[in-house]
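Visitor: I should be grateful for a close look at a single part of this structure, set in the context of the whole chain. Please keep to what the coordinates support.

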Amino acid sequence: DQASKLNQLLEDHSLDLDANHKGFVSIVGAGPHDPDLLTVKAVKAIMSAEVLLYDRLVNKDILELASPQADWIYVGKRCGQPSIGQEEICDLMVSLAQQGKRVVRLKGGDPFVFGRGGEEALALVKHSIAYEVIPGITAAIGCSANSLIPLTHRGVARSVTFVTGQVVTGAFEAWSQLMQSGQTLVFYMGLEKSSQIQTSLIGSGLREDFPVAIITHGCSPQQQVHVTQLNQLNDLSITLKGVSPALIVMGEVVKLREQLIETVQSVTEYEGI
Ligand code: SAH
């Protein structure tokens, strides 16, 4: 059956690993919160890890998949304390690998989508350390499915762009035009910049009632989907008081949710929908 097949896969994988005594780093995408959204490859890597370096957005239930002997090291932001710098994380990863450890670097979502996975991989290359990158479901993909907002939809949206709200000088003119011609825009880390996003997009000619959704704690039991329109984006984010993590999805596709939600089977499991 499926379970024994998976076990077999995992056993085969750990045999491979025993033959490899050198340090090795897996940069692993942990997906958006829900452990069921991990890839099988990510699960295998986590189960074979000796040390796990993990970020703030990684669900603790995912760490529990590791062997009881594995060490967990938190390298995310700390409340009220300066967070560990990127350089320190790279140094730590390099030094653990040089000690011959099997290191899993667990990152929320996908390592190569606003995750600095590329920088960490470059640090490993610089020190000639063997590594792999295992993809994860990025927040936009997980949240769109879980909130029933298709990112593209025939006749509604033909392309989708993922952007970070942290960039102060965004391409607002270009985004407005693209959205008017049927594009979906997803902002990561955009909530604190809501006021600027709203003003700049309306200033670049996007309609005030352009559809917007904010998805908070996506793919977790606390997930909430707030549907609004562009001229109310900032007011809504003030009400949300900086809740994190949150994703902003903009586009006509947001309106599809109302129909898609009607017969969704697991609707009662989607708490907060
Ligand atoms: N590498 C990650 C993104 C890291 S940046 C990925 O691929 O998903 C962190 C931002 O991602 C957050 O500020 C938020 O905008 C978004 N995010 C991550 N997880 C999320 C979740 N479960 N729900 C909503 N947004 C999320």
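Guide: What follows is a description of one helix, then of one strand residue, and finally of the chain as a whole. The model is a predicted one.

The part chosen is helix α6, which spans residues 139–147. Its buried residues are Ala139, Ala140, Gly142, Cys143, Ser144 and Ser147. The cover over these buried positions of α6 includes five strands, namely β6 (159–164), β7 (183–188), β8 (211–216), β9 (224–229) and β10 (246–250). Helix α10 (257–260) also contributes to that cover. Immediately after α6 comes Leu148, whose phi is positive, at about 60 degrees.

A residue from elsewhere in the chain may be set beside the helix. Val104 belongs to strand β4, which runs over residues 102–107. Val104 has a relative accessible area of 2%, and therefore counts as buried, the limit being under 20%. Leaving aside residues up to four places away in sequence, Val104 touches Ser26 and Val28, together with Ala45, Ile46, Ala49, Val51, Leu52 and Leu53. Gly218 stands 114 residues from Val104 along the chain, and the C-alpha atoms of the two are separated by 24 Å.

These parts belong to a chain with ten helices and ten strands. Of its 273 residues, 45% are buried. Among contacts with a separation of 6 or more, 70% are between residues 24 or more positions apart. The accessible surface of the chain is about 14100 Å², and carbon and sulfur atoms account for 52% of that area.

Methods
Residues numbered from 1 in each chain as written. Predicted model: local features only at pLDDT ≥ 70, side-chain atom pairs only at ≥ 80, totals over all residues. Heavy atoms only, no water. Helix = DSSP H or I, 4+ residues; strand = E, 2+ residues; numbered from the N terminus. Buried < 20%, exposed > 50% of the residue type's maximum accessible area, 1.4 Å probe, protein only. Contact = heavy atoms within 4.5 Å. Areas by Shrake-Rupley, 256 points an atom, 1.4 Å probe, with all protein chains shown as cover.
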